[in-house]
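This briefing is intended for a reader who has the sequence and the model at hand. Please keep both in view while reading.

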Amino acid sequence: MMRTNNWVPAVFNDLFANDFMQRAANTAPAINVKENNTEYIVELAAPGMKKEDFNVHINDDGNLVVKMEQKQESHEEDKSTRYLRREFSYTKFEQTLILPDDVDKNKIAAHVEHGVLTVDLPKMEEAKARLSRQIEIA
């Protein structure tokens, strides 16, 4: 009969892997894109994130890049105990969105409220947005 000494991980796996403490799924956050007469609105679900966790910018190709990164660590030091299981929380996400031609890239704004990042993409005035026109042949 062979004895193994791996009872500690099994005990903790049974303790933590149950219906009361489910692990978070590793999926991309939900993104909504809305449009009205004056702007496009991008909403990204990011519960628990702060504005410092985000980076929103326009890249060299003129696309909107949304990055978020959050690290959580518990640094409790106790010399009389040792870790049998220790978990860290780390979230990282990056999404590139191709912007429509009628977006005024100089007026883009973003804010975080109630766990939702909102990026406002104002449309250019109608006269500026029209690049196509009829050319007369002389």
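The points below cover charged residues, the nonpolar core and a backbone feature.

The structure is a predicted model. It holds 3 salt bridges, and its largest nonpolar core has 16 residues. Asp53 is buried yet takes part in no salt bridge, and His114 has a positive phi although it is not a glycine.

**Salt bridges**

- Side chains of opposite charge can pair when their charged atoms come close.
- Lys34 pairs with Glu43 in a salt bridge whose closest N and O atoms are 3.2 Å apart. Lys34 counts as partly exposed because its relative accessibility is 42%.
- A salt bridge also joins Lys123 to Glu35, with 2.6 Å between the closest N and O atoms. This pair links distant parts of the chain, 88 residues apart: Lys123 lies in the loop between β7 (116–122) and α2 (126–129), and Glu35 lies in strand β1 (residues 31–35). Glu35 has a relative accessible area of 53% and is therefore exposed.
- Lys107 and Asp104 form a salt bridge in which the closest N and O atoms are 3.9 Å apart; the cut-off for such a pair is 4 Å.
- The partners in this bridge are Lys107, which is exposed at a relative accessible area of 55%, and Asp104, which counts as buried at 16%.

**Surroundings of Asp104**

- Asp104 is placed in the loop between β5 and β6 (109–113).
- With neighbours within four places in sequence left aside, Asp104 is in contact with Pro122, Lys123 and Met124. Among these contacts is Lys123, the residue that forms a salt bridge with Glu35.

**A buried acid without a salt bridge: Asp53**

- Asp53 belongs to the loop between β2 (39–45) and β3 (54–58).
- Why does Asp53 have no salt bridge to Lys50? The nearest side chain of opposite charge, Lys50, is 4.4 Å away, and a salt bridge requires a side-chain nitrogen of Lys or Arg within 4 Å of a carboxyl oxygen, so this pair does not qualify.
- The backbone of Lys50 offers another approach: its nitrogen lies 2.9 Å from a polar atom of the Asp53 side chain.
- Not counting residues up to four places away in sequence, Asp53 touches Lys67, Met68, Glu69 and Gln70.

**Nonpolar core**

- Within the largest nonpolar core, the residues with the most contacts are Leu44, Phe54, Leu64, Met68 and Leu121. The elements giving two or more residues to this core are β2, β4 (64–72), β5 (89–97) and β7.
- Met68, one of these core residues, is also among the residues touched by Asp53.
- Apart from neighbours within four places in sequence, Leu64 is in contact with Val56, His57, Ile58, Gln95, Thr96, Leu97, Leu99, Val119 and Leu121.

**Val56 in strand β3**

- Val56 is found in strand β3 and is partly exposed, with a relative accessible area of 30%.
- Beyond residues up to four places away in sequence, Val56 touches Leu64, Val65, Val66, Leu117 and Val119.
- The C-alpha atoms of Val56 and Glu94 are separated by 9.7 Å, while the two residues are 38 residues apart along the chain.

**Backbone at His114**

- Most residues other than glycine have a negative phi.
- His114 has a positive phi of about 55° and is located in the loop between β6 and β7.
- At 73% relative accessibility, His114 counts as exposed.

Definitions and conventions: Residues numbered from 1 in each chain as written. Predicted model: local features only at pLDDT ≥ 70, side-chain atom pairs only at ≥ 80, totals over all residues. Heavy atoms only, no water. Helix = DSSP H or I, 4+ residues; strand = E, 2+ residues; numbered from the N terminus. Buried < 20%, exposed > 50% of the residue type's maximum accessible area, 1.4 Å probe, protein only. Lys, Arg positive; Asp, Glu negative; His and termini not counted. Polar contact = N/O pair within 3.5 Å; in protein donor to acceptor, adjacent residues only side chain to side chain. Contact = heavy atoms within 4.5 Å. Core = buried A, V, L, I, M, F, W, Y, C linked by side-chain atoms within 4.5 Å.
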